Amino acid sequence: MSQMVQSRRVRAVDLAKFKAEGRKIIALTAYHAHTASILDRHCDVILVGDSLGMVMHGLESTLPVTLEMMILQAQAVMRGTAKALVVVDMPFGSYEASPEQAFLNAARVLKETGAGAIKMEGGAHFADTVAFLTKRGIPVMGHIGLTPQSVNTMGGFRVQGRGPGDEARLLEDARAISEAGAFAIVLEGIVEPVARVIAAADTVTAATIGIGATAACDGQILVLEDMLGLSDRAPKFVKAFGSLRTQIEAAVEAYAEEVRSGRFPADEHTYPPR
């Protein structure tokens, strides 16, 4: 007889319970097995974000990121984790054409990586796609506000919610994709009062996860490299919880100096004949 094995991982449906209990959801990005293994002990959600295009490859935006890049890095993150819910970003061009395109690519991501959910950007105009996916077994995390894949039509990375009618539009975006079945919604780069209204809205049943939004969200997410102080420039909403760039540079400088002077490798770093 086959036996059901209880997963140790956080599941998409668990975030609704966290929201109901008032337990804050902890989320960070990761792209490698070794960093993911560190995050796994502390995070409920690990996002394999298309931000890897900028963080890992030095691209100016997330637009050139491919589905293959996302799958490769998600596989690495899955190998380094056992507890956290791993969510994978759907890159630009992999879901916008139709719900059918979105399903085929999202199904491929889940099959090839073993991740627990996908994330896609867009508001009410993508509600039909969210519903199409969730009805077919694909857990969907939404993403509204500052959506980096729309950087060209937005005119840059611009804070959202300051214009007339923006609050009503963003609230409708959140309501529509929540009603369509999204289990969580990232609120990015939204002015605090508007983000607070969305996070508190009875019509938004999905868990809200803020990044440059409000502390009233059900959880928070940051790009790992930003919060570790590894990035050259970080957005206003980032708090650096570490200064690894300085520490890494000091370590590399010390290494280079010891190699040049002949002090490394020393005897204790080499192998004797016996």
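## Aromatic pairs

Rings of Phe, Tyr and Trp (its six-membered ring) pair if their centres lie within 6.5 Å, and planes over 60 degrees apart count as edge-to-face. With that rule in hand, this predicted model yields a count of two aromatic pairs. Take Y255 and F264: their ring centres are 6.0 Å apart and the planes meet at 65°, so this pair is edge-to-face.

How accessible is F264? Its relative accessibility is 32%. Since partly exposed covers the range between 20% and 50%, F264 belongs in that class.

## Strand β1 and its partners

Let us turn to β1, the strand of residues 25–29. Four of its five residues are buried, so the strand is largely enclosed by the rest of the structure.

β1 has a parallel partner in β8 (residues 219–222), with four bridges joining the two strands. Within that pairing, L28 has L222 as its bridge partner. β1 also pairs in the parallel sense with β2 (residues 45–48), this time over three bridges, and here T29 stands opposite L47. To get from β1 to β2, the chain passes through helix α2 (residues 33–39), making a right-handed β-α-β crossover.

## The largest pocket

Now for the open spaces. A probe the size of a water molecule, rolled over the atoms, shows where empty space is left. The largest pocket holds about 1200 Å³ of space, and 41 residues line it. Which residues lie nearest its centre? They are M54, V223, D226, P235 and F237.

Two or more lining residues come from each of α3 (52–55), β6 (184–188), β8 and α10 (224–227). β8 is thus a familiar name here, as the strand that four bridges join to β1. By class, the lining of the largest pocket comprises 20 nonpolar, eight polar and 13 charged residues.

## The second largest pocket

The second largest pocket has a volume of about 180 Å³. Its lining is made up of L28, T35, I38, L39, L224, E225, M227, L228, L230 and L244. The elements giving two or more residues to this lining are α2 and α10.

Some of these names have already come up: L28 is the bridge partner of L222, and α2 is the helix of the crossover from β1 to β2. What classes of residue make up the lining of the second largest pocket? Eight are nonpolar, one is polar and one is charged.

Notes. Residues are numbered from 1 along each chain as its sequence is written. This is a predicted model: local features need pLDDT of at least 70, side-chain atom pairs count only at pLDDT 80 or more; totals for chains, interfaces and linings use all residues. Side-chain values use heavy atoms; hydrogens and water are left out. Buried means under 20% relative accessible area, exposed over 50%, partly exposed in between (1.4 Å probe, protein chains only). Two strands pair if DSSP finds at least two bridges between them. A crossover is right-handed if, with the strands pointing away from the viewer, the path from the first strand over the helix to the second runs clockwise. On a 1 Å grid over the protein atoms alone, a cavity is a set of points where a 1.4 Å probe fits but cannot get out, and a pocket is an open set with protein on both sides within 12 Å along at least five of seven lines; lining residues have an atom within 4 Å of a point. Grid points are joined across faces, edges and corners, and a volume is the space filled by probe spheres set on the points. Ala, Val, Leu, Ile, Met, Phe, Trp, Tyr, Cys and Pro count as nonpolar, Asp, Glu, Lys and Arg as charged, and the others, Gly among them, as polar. Rings of Phe, Tyr and Trp (its six-membered ring) pair if their centres lie within 6.5 Å; planes under 30 degrees apart count as stacked, over 60 as edge-to-face and the rest as tilted.
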